[in-house]
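The following note sets out several points for consideration alongside the coordinates. Please read each against the structure shown here.

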Amino acid sequence: MRTQVSALCAGLPRPFNGAEMSAIDKRPLPGPAMIRSFGIEGDMVADTVHHGGPDMAVHHYPRDHYAGWDAWLGGHDMLERPAAFGENIVAQGITESDVCIGDRFRLGSALLEISQPRKPCWKIEHHFGRKGMVARIIKQHNCGWYYRVVEEGAARPGDMLERVESGHEGWNVARVFAKLYDPTHRPDPTELVAMAALERLSVTLRDKLASQHGS
């Protein structure tokens, strides 16, 4: 599995909602980008409680979803540019159903590993100025995902994002997201145990799942 990356994006925290700060407004980097264990150089996180850290170093939101959002929103100028959802990697052709937790991808000289789905929050709705987006993401499981950085390296627009190692078979990002956040897809006890045992799932989510099944 491989696809071409059209842009690598970064942003700095800016005033967002009164006293709130956010770095969701990301813009394409003009040249090569260094991908470090903490993320892309030049990219920062405003809310370090809920975002950032090694398991949420790089965010990927499939551009495949933009057309559906455009139709649902009735058009929106932010969808005409990259990184409308605050993603670092802009690419088309790979979605949540195609990739599993723990899949490893080569991008330039960096090696990335899918660590968890992205949980949507109110900032997406504030960013677009439209209510109901979080509910739609939860229903459709078009959440995007995070990578941890296994090997630091450099990448640039036009590089190929290529899967070089498969992760936890049967646990694609869409399924994991649904089990975590969609009330119509609640996991049974067996699934809770199985998810908590996914070695490449983020530590935070593994601990949360382990506490739910009492281990």
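1. The model is predicted. In it, His168 has a relative accessibility of 18% and therefore counts as buried, since the cut-off for that class is under 20%.

2. His168 belongs to the loop that links β13 (160–165) and α4. Its side chain makes a polar contact with the backbone nitrogen of Arg200, at 3.0 Å. Beyond neighbours within four places in sequence, the contacts of His168 are Cys100, Ile101, Leu198, Glu199, Arg200 and Leu201.

3. On one side of this loop lies strand β13, which pairs with two strands treated here. Strand β1 (residues 2–10) is antiparallel to β13, with three bridges between them. Strand β9 (residues 104–107) also runs antiparallel to β13, and four bridges join the two. Leu161 of β13 is the bridge partner of Thr3 and also of Leu107.

4. On the other side of the loop is helix α4. A side-chain oxygen of Asn172 lies 3.2 Å from the backbone nitrogen of Ala174, and Asn172 thereby caps the N-terminal end of the helix.

5. Why is helix α4 described as largely enclosed by the rest of the structure? Of its nine residues (173–181), eight are buried, so the description follows. These are Val173, Ala174, Val176, Phe177, Ala178, Lys179, Leu180 and Tyr181; the list includes the lysine Lys179.

6. The elements against which the buried residues of α4 pack are strands β10 (110–117) and β11 (145–151), together with helices α3 (133–140), α5 (189–196) and α6 (203–212).

Notes: Residues are numbered from 1 along each chain as its sequence is written. This is a predicted model: local features need pLDDT of at least 70, side-chain atom pairs count only at pLDDT 80 or more; totals for chains, interfaces and linings use all residues. Side-chain values use heavy atoms; hydrogens and water are left out. Buried means under 20% relative accessible area, exposed over 50%, partly exposed in between (1.4 Å probe, protein chains only). Contact means heavy atoms within 4.5 Å. A polar contact is a pair of N or O atoms within 3.5 Å; within protein, one must be able to donate a hydrogen and the other to accept it, and residues adjacent in sequence count only if both atoms are side-chain atoms. Two strands pair if DSSP finds at least two bridges between them.
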